Amino acid sequence: MNQSHDPPHQNKLKPKPKAVIVGGSIAGVSCAHALILAGWDVVVIEKSRRPPKGNPTGAGLALDPLSQELIGSWTGHPELLHDITSPAAIDLNQAINDEKSRKILARDENFNHRAAHWSSLHHHLFSALPPEILLWGHLFLSFSVSNDKQSVKIRAQVLDTEETAEVDGDLLGAADGCNSLIRKHYFPDVKLRYSGYCGWRGVLDFSGIEDSETIKNVMEAYPELGKCLYIDLAPRNHTVFYEIPNKRLNWTWCLNQPEPHLKGNSVTMEVSDEMVQKMYQDAEKIWHPTLVQVMKETKEPFVNAIYDCDPLEQIVWDNVVLVGDAAHPTTPHSSRSTNMSILDAAVLGRCLEKWGSENLTAALEEYQYIRLPVASKQVLHARRVGRIKQGLELPDCRSFNPNTANWEECKMLLQRAVPFFGHNPLL
């Protein structure tokens, strides 16, 4: 039965409040789950014409225990989440020297995350939603808030017909990513900050080649693969390497370079064969030969330019709220981007349920009060860790060199050093 926030003497049930979420990525579908649970009707507007099922979109990610718990509560099937994720119980940082030998810098055996492929997690979340709430192939154009601040109207182009559709709601959830147009409406002068480095990324599918020389060498060089997040550090470079389900190896190599020229809003660069060959040659000079072989056997590696944003002073206005990367674009070094998006959604849902739709202002203010300080500290921490790992300058310490670093410097490498690790507030 629908919950009514009317006084008990009024028997007539109010219609459910309606939220329009712009963006159908993990932040958007997480919001849909959390708001439905809070008693709201939801419509999700997404420019992709179809869900990315079976599509190699994105790469690996790591879910913290709280995110795992929240997703299980939304879908009702925690065992299915277990099936599409692999253990990432250990966070291991090692230095690699010119002779390609490695030494441990910092190790955490209680990391307790689980690794997944982006598209598998996205499919798991969106397929548990009522299919009619997702409007695929709808390109967000603009929005307007009514004069009385009680409603919001979203305009979108239907890509198949080029018609303009209008969707009305009581709340606009902006889950439109790090280049959010809705954030830009309120902060026209806020720009993304280039980190100083890009990340080559790839996923090697080794199903059918488990007995190959490459995979035997991988298991020898990385014996804890399947439960460990391996981070190898060389001066001014680092890689991340771990296994995700269905016999796939996920790798990232961050390397310092001037800001690239990007087309459109995507942070993914177009990659030529020449760039790939040069990447292989450079990798041979720095990384363990086994990891280089994994890179060479990966189909279609790609490059992401890595950005974040200085923390915003505000993420709610009237009946508009920012969530996920729209609220706090971040670098990937503390495994926070996806986890912050899931937590944003959960906190927003709980605040809306606590206050009721008639107290929307109070609900959004509480959401901002809870999430803004936490996310801001985590974004700045991830920025600092990225600069440490890449040997870039910091105002208060020397440039990090993994081959000469002391324990005090190495402690910062562990992901548990992030503020609020393991105790992110929900309400």
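These legends cover close-up views of two sheets in a predicted model.

Local features need pLDDT of at least 70 and side-chain atom pairs count only at pLDDT 80 or more, while totals for chains, interfaces and linings use all residues. Residues are numbered from 1 along each chain as its sequence is written, and side-chain values use heavy atoms, with hydrogens and water left out.

**View A. An open sheet of 6 strands with mixed pairing.** The strand order is 8-2-1-12-20-19. Strands (E, at least two residues) and helices (H or I, at least four residues) are DSSP runs, numbered from the N terminus. Two strands pair if DSSP finds at least two bridges between them. Strand 8 (134-136) and strand 19 (316-317) stand at the edges, each with a single partner strand, so one side of each has no neighbour in the sheet.

**View B. Strand 12 beside strand 20.** Strand 12 (residues 171-174) and strand 20 (residues 320-322) run parallel, joined by 3 bridges. Leucine 172 has valine 320 of strand 20 as its bridge partner.

**View C. Helix 10 across the sheet strands.** Helix 10 (residues 360-389) lies across strand 12, strand 19 and strand 20. Contact means heavy atoms within 4.5 Å. The helix runs at about 15° to strand 20. Axes are lines fitted to C-alpha atoms, for helices over the stretch in contact, and angles run from 0 to 180 degrees between N-to-C directions.

**View D. An open sheet of 3 strands with antiparallel pairing.** The order is 3-7-4. Strand 3 (60-63) and strand 4 (86-88) are the edge strands, each pairing on one side only. Strand 3 and strand 7 (residues 113-117) share 4 bridges. Glycine 60 has histidine 117 of strand 7 as its bridge partner. Helix 2 (residues 65-75) lies across strand 3 and strand 7, at about 90° to strand 3.
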